[in-house]
Every structure is written in structure tokens, then in C-alpha cells.
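Reader: I have the model open beside me and would like to know what stands behind the words used for it. Could we go through them together?

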Amino acid sequence: MTNYKLTYFDFDGGRGEPIRIAFHAAGIDFEDCRLSFPEFGEMRRDTRFNAVPVLEIDGAEVTQSNGLSRYIGKLAGLYPEDDLQALYCDEAFGAVEDTYHHIVQTFGLQGDELKEAREKLVDGWLSVYLRGLDDLLSRGGGEYFADSRLTMADLKVFVQIRSLLAGTLDHVPTDLVERLAPNLVEHQERIEGDPVVVAYYSSRS
Ligand SMILES: N[C@@H](CCC(=O)N[C@@H](CS)C(=O)NCC(=O)O)C(=O)O
């Protein structure tokens, strides 16, 4: 039996969370190694790209969350077999990754500097990506991003939109998604209620 260990931060979000949900959906046992920020600080330089998530497969490390999402998504039946639908899935993965990239640029800032950077983010990249993701959802038929069913793309977008709606980023209004991309709010609710997602969080509580 293959041995899996996923190392990521100890919160239910970010780049690692869709991978955890998919492991559970696939019924595959894995070591869920959750790091505090200080713990990550201590091991950061020992990771290949100074970042997490890191998946160890029989002890061999693999990084890059989108590739990991595809890998575990295939094992869980949550990644399309059709090439075009797979491409749609990948497009959503890439868009979410881009938004993380822009959001992270504002981390570590304080006070007025943070406020200014976040307001610029809200009016700029975040608006662009929310509208773009809304487009991708419409292309998929309005309910899912690809394959007319739950895929890893839905899990990735769901995790990010949930975090924006919860107000985890100071100076990013919690009604931003509703104003710019209301379909993404409905999507978030749909995916949160999906049996795959409900089963995962029930298993954690
Ligand atoms: N392209 C990488 C990015 C990984 C990444 O930046 N991870 C963040 C956490 S979500 C991280 O570890 N940041 C720590 C740092 O930059 O010091 C991926 O998709 O896995």
C-alpha cells in the first residue's frame, strides 16, 4: 500500500485543503501533517521550494499544489477524463493560483500600507479574477466548473471563496464576491453542501 504524508498549514484552507478533501473522498489514508506558522518557519528551508504543500509518496517529496490536485483528483474520481473538461479544470486551478499569488504580495504589510495594498488588490486583481472565475462557472453551465459535476476545480474555488466570504483578509469587504460574482457565492454554498465535502468535515469534527 502506498504511504502518503501531506504537509501543510494547520488551517482548513489554502492550497492544501482541496488535496485533503480529495484524499478523504478517495478513501485513501494519509498522514495529515499540520504545521503551525512557527513550525513551518523552522523547516521552511528544508522544503524544496521553501513552501508547502508537500506530499510525500512512499517517502519521496512532491510539491506544487495544482499538480498534486490533479494527481489526487484522478485517484478520487474528481478530475475529468475528457481532455477539454480537464483543460477547463486546469484553467480554474491556474486562476486560483494567480489570486493566491496576488494576495500573498500584501502579506506582512501593516497599518496604512496594508490598507492601501488591499484596496488596490480589491479594485484590481481580485476583481479581475472574481469576474473571470464567474465566467468560467457560466461556461461550465453555472453549477460546476467542468464535467457538469464536482471536480477538483470546484474544491479549489470553494476553498478560496469561503475564505473571502469569511473575511479572513483585512480590508477586503466580505460582500465583494456577492457584488462582483454572485454566482460564486451560490457555488460556494452548493459545494459546501456536497456530500463529498460534508463527509470530509464531519470526519474532522
Ligand atoms: N506554486 C506553489 C506555491 C506554494 C506556496 O507558495 N505555498 C505557500 C503556502 S499556501 C507557502 O508555503 N508560503 C511560504 C513562504 O512563501 O514562505 C504551489 O502551488 O504549491
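Author: Gladly! Keep in mind that this is a predicted model. Let us start at the ligand, where the surrounding residues are Y8, F9, R15, F40, R44, N50, A51, V52, P53, Q64, S65 and E97.

Reader: What makes a residue count as near the ligand?

Author: One of its heavy atoms has to lie within 4 Å of the ligand. The shell that results holds six nonpolar, three polar and three charged residues.

Reader: Why is the pair formed by S65 and the ligand called a polar contact?

Author: The cut-off is a pair of N or O atoms within 3.5 Å. An N or O atom in the side chain of S65 is 2.6 Å from a ligand oxygen atom, so the pair qualifies. V52 takes part through its backbone: a polar atom there is 2.7 Å from a nitrogen atom of the ligand, so this pair passes too. For R15, a polar side-chain atom lies 3.3 Å from a ligand oxygen atom, which is again within the limit and therefore a polar contact.

Reader: How much of the ligand does the protein cover?

Author: On its own the ligand has 510 Å² of accessible area, and the protein covers 71% of that.

Reader: How do you know whether N50 is buried, partly exposed or exposed?

Author: Its relative accessible area is 30%. Buried means under 20% and exposed means over 50%, so N50 falls in between and is called partly exposed. N50 sits in the loop between α2 (37-43) and β3 (54-57). Setting aside neighbours within four places in sequence, N50 touches F40, R44 and R45. The C-alpha atoms of N50 and F40 are 9.4 Å apart, with their positions 10 residues apart in sequence counting.

Reader: And what makes A51 partly exposed?

Author: The reasoning runs along the same cut-offs: A51 has 31% relative accessibility, so it is neither under 20% nor over 50%. A51 is also placed in the loop between α2 and β3.

Reader: Turning to helix α8, which of its residues are buried?

Author: In α8 (residues 182-192) they are L184, V185, H187, Q188 and I191.

Reader: How do you know that the buried residues of α8 line one face of the helix?

Author: Looking down the axis of α8, the buried residues fall within an arc of 160°, so they line one face. Their cover includes α5 (111-139), α6 (152-165), α7 (176-180) and α9 (195-204).

Key
Residues are numbered from 1 along each chain as its sequence is written. This is a predicted model: local features need pLDDT of at least 70, side-chain atom pairs count only at pLDDT 80 or more; totals for chains, interfaces and linings use all residues. Side-chain values use heavy atoms; hydrogens and water are left out. Buried means under 20% relative accessible area, exposed over 50%, partly exposed in between (1.4 Å probe, protein chains only). Helices (H or I, at least four residues) and strands (E, at least two) are DSSP runs, numbered from the N terminus. The arc is that of the directions from the helix axis to the C-beta atoms. Contact means heavy atoms within 4.5 Å. A polar contact is a pair of N or O atoms within 3.5 Å; within protein, one must be able to donate a hydrogen and the other to accept it, and residues adjacent in sequence count only if both atoms are side-chain atoms. Accessible areas come from the Shrake-Rupley method with a 1.4 Å probe; for residues, only the protein chains shown count as cover. Ala, Val, Leu, Ile, Met, Phe, Trp, Tyr, Cys and Pro count as nonpolar, Asp, Glu, Lys and Arg as charged, and the others, Gly among them, as polar.
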